[in-house]
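Here is a short tour of a two-chain model, written for someone who likes to have the coordinates open alongside the text. Please load the structure and follow along.

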Amino acid sequence: MGGGAGPVRTTTVPERLAANRFVLDEEESHIEIDQELARSTGTAERIIAVCPAGVYSMQDGRVVADYAACLECGTCLAVAAPGALTWHYPRGGFGVSFREG
Amino acid sequence: MSAEEPDFDVIVVGAGPAGAVTAYLLARQGHSVVLIERGEAPGAKNLSGGVLYGRVLDEVFPGFADTAPVERRITRHVTTFLTADSSVSIDYAGKPLAEPVNAVTVLRAKFDPWLAERAEEAGVFLMPGVRVDELLTEPGPDGVRQVVGVKAGDDELRARVVVAADGVNSYLARSIGLRPKPPEHHLAVGVKAVVHLPRQVIEDRFAVSGDEGAAHAIVGDCTLGIGGGGFLYTNAESLSLGVVLRLDDLIKKGRTAIEVFEHYTSHPVLAPYLRDGEILEYGSHLVAEGGLEMVGEVVSGGFVVVGEAAGLTINSGLTVRGMDLAIGSAVAAAKGVGEALAAGDTTATGLAAYRRHLDESFVMADLRTYGRAPAFLERDRMYGAYGELAAGIFHDVFSLDGTPRKHLAAVARGALKRSRVSVRDLISDGWAGVRAL
């Protein structure tokens, strides 16, 4: 992909992400959520608010993580309550691969 | 030191500017160095706003701006206060900023491989596509647990010194309790897009020519009043633009990072710069903005921390710096680690030489100078009321609406009275600002 996702003014997150190169790790997710803690500590709303890639969303009362779209900034981990979110970098060579940076 | 013979003198984790320059300088001293990078190539995981203040790198690689893949030399700095429908700017254009090299724009996926290549030329063994999972520790000669290597998957590598250049999230420094998790008011999220535009269009819109470029820093409505700001930088054939949002304020004001970014990129004041631009890439980066307060321990037995992993960033309001401090810390680390290796003492005592060199360098000097800046920049009025006040004054100056004219001082007093800023605020912020910035 690449070569332009459309004029910057009008793009959506999926369109912007579509310009990026990602090497998807199909075997393991680098994000795990403790549903109970994420709810009780307010972590769910916080990680949804801060993630620029829209990785997190509520689906049927659960927080789900679309780990394939992760830009690996670690902002979610910075605002998560202890234990609510397990987030580490993807395995070597996997994940987002910037061509601009 | 451990019973086992180390594989290398030094393991450097992370091939950004801090890691690559540390590795390069230590290899030049004759040490065996491995540079481990989790991205498929150096730069693949690295993202910054895009302005590198280059003087320190020029000392390491004289004339780098002529040979390295830098985008443009910044000769125009524009600082803008933005409201929903107005903007007030200070526009400094200075040819003397072009030579000797001051600030350049870089795109890290292109620039960092150049740095890593210089390290390889000096004899550094580059190992890309490898994620370091944990540090190996053993009791050292002083009885204190000491870092003796790293573990990546099932593989172990041993060294006399491990250098953590693994970025703002530095898992390695945290894993041995060297750095606590920073508070949210000292953290911000940077959201960025790189947008393609033809070279000539960029030069026309930003009033620059040749390899010269512009850097715009914007505060106010671009972040919907959230602490932080917007940036807009020219590359050779693209723009780097985005917002930096303080996490505590973003959450407090009930906004999302995505909505603020989209508000910024569709702002009428920005639109003329971005028209017809095509998105090439979308990225984000966590930014440590605590300045001096974020710099804690940078040395432990067999282990040193450099660059953003050590909390070395400065936001002075007008300039935002990370890469030059990273390179400055790399220079200090290479000196300190080199001395420790030469003396055969890589315990925390031996490696304390790094801390001394860091303390004596411009890095800590500048962090001390701007020690009050983070607290000053937490004042909410910076991101709303002052932009409105400035826009109000200039509106009244230029709007000849048939009412009798007043002198500038009276116009300013009138605008101040109508604004959300009190005289007391103005004096307090003015005094604090002069001392902090």
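The paragraphs below go from the overall build of chain B to its strands, its core, a few individual residues and the contact with chain A.

**Overall build**

Keep in mind that this is a predicted model. Chain B contains 16 helices and 19 strands. Along the principal axes, its C-alpha atoms fill a box of roughly 90 × 45 × 40 Å. The radius of gyration of chain B is 23 Å, which agrees with the value near 22 Å that a compact globule of 437 residues would have. As for burial, 56% of the 437 residues of chain B count as buried. Contacts in chain B with a separation of 6 or more come to 73% from residues 24 or more positions apart.

The domain assignment divides chain B into domain 1 (8-70 + 107-182 + 293-370), domain 2 (185-288) and domain 3 (384-436). Taken over C-alpha atoms, the centres of domain 2 and domain 3 of chain B are separated by 27 Å.

**A run of paired strands**

A good place to zoom in is strand E4 of chain B, residues 73-82, where eight of the 10 residues are buried. E4(B) runs parallel to strand E12 of chain B (residues 212-220), and nine bridges join the two. With strand E5 of chain B (residues 87-93), E4(B) pairs antiparallel through seven bridges. E4(B) and E5(B) form a hairpin, with four residues between them.

E12(B) in turn pairs with strand E13 of chain B (residues 228-234) in the antiparallel sense, over four bridges. How enclosed is E12(B) by the rest of the structure? Eight of its nine residues are buried, so E12(B) is largely enclosed.

The table gives residue pairs that you can pick out in a viewer.

| Residue | Stands opposite | Strand of the partner |
|---|---|---|
| B:Thr80 | B:Ile218 | E12(B) |
| B:His77 | B:Ala215 | E12(B) |
| B:Thr79 | B:Ile90 | E5(B) |
| B:His216 | B:Leu232 | E13(B) |

**The nonpolar core**

The largest nonpolar core has 173 residues, and B:Leu35 and B:Val304 are the ones with the most contacts inside it. Helix H10 of chain B (residues 323-343) provides the largest share of this core, 12 residues. Which residues does B:Val304 touch? Leaving aside residues up to four places away in sequence, B:Val304 touches B:Val161, B:Val163, B:Val298, B:Val299, B:Ala333, B:Val337, B:Leu351 and B:Tyr354.

**Residues worth a closer look**

B:His185 sits in the loop between helix H5 (171-175) and strand E11 (187-196) of chain B. Is B:His185 buried or partly exposed? A residue counts as buried if 20 or more other C-beta atoms lie within 10 Å of its own, and as exposed if 12 or fewer do. B:His185 has 17 other C-beta atoms within 10 Å, so it is partly exposed. Apart from residues up to four places away in sequence, B:His185 touches B:Arg246, B:Asp248 and B:Glu378. The C-alpha atoms of B:His185 and B:Leu107 are separated by 28 Å, and these residues are 78 residues apart along the chain.

Backbone geometry offers some further stops. A cis peptide bond, with omega about 0 degrees, joins B:Glu99 and B:Pro100. B:Pro100 lies in the loop between E5 and strand E6 (103-105) of chain B.

Two residues other than glycine have a positive phi: A:Glu72, at about 65 degrees, and B:Ala207, near 55 degrees. A:Glu72 is found in the loop between strand E4 (62-65) and H4 of chain A, and B:Ala207 in the loop between helix H6 (199-206) and E12 of chain B. Their surroundings can be set side by side: A:Glu72 is buried, with 24 other C-beta atoms within 10 Å, whereas B:Ala207 is exposed, with 12.

**Where the chains meet**

How many residues of chain A are in contact with chain B? The count is 37 residues of chain A, in contact with 46 residues of chain B. On the side of chain A that touches chain B, helix H1 (13-18), helix H3 (43-50) and helix H4 (75-79) of chain A each supply at least two residues. The residues of that side divide into 18 nonpolar, 12 polar and seven charged.

Conventions:
Residues are numbered from 1 along each chain as its sequence is written. Chains are lettered from A and ligands numbered from 1 in the order in which they are written. This is a predicted model: local features need pLDDT of at least 70, side-chain atom pairs count only at pLDDT 80 or more; totals for chains, interfaces and linings use all residues. Two residues are in contact if their C-beta atoms, placed from the backbone, lie within 7 Å. Ala, Val, Leu, Ile, Met, Phe, Trp, Tyr, Cys and Pro count as nonpolar, Asp, Glu, Lys and Arg as charged, and the others, Gly among them, as polar. Domain bounds come from an automatic or database domain assignment. Two strands pair if DSSP finds at least two bridges between them. A nonpolar core is a set of buried Ala, Val, Leu, Ile, Met, Phe, Trp, Tyr and Cys residues joined through C-beta atoms within 7 Å. The radius of gyration is taken over C-alpha atoms; the globule rule is 2.2 Å times the number of residues to the power 0.38.
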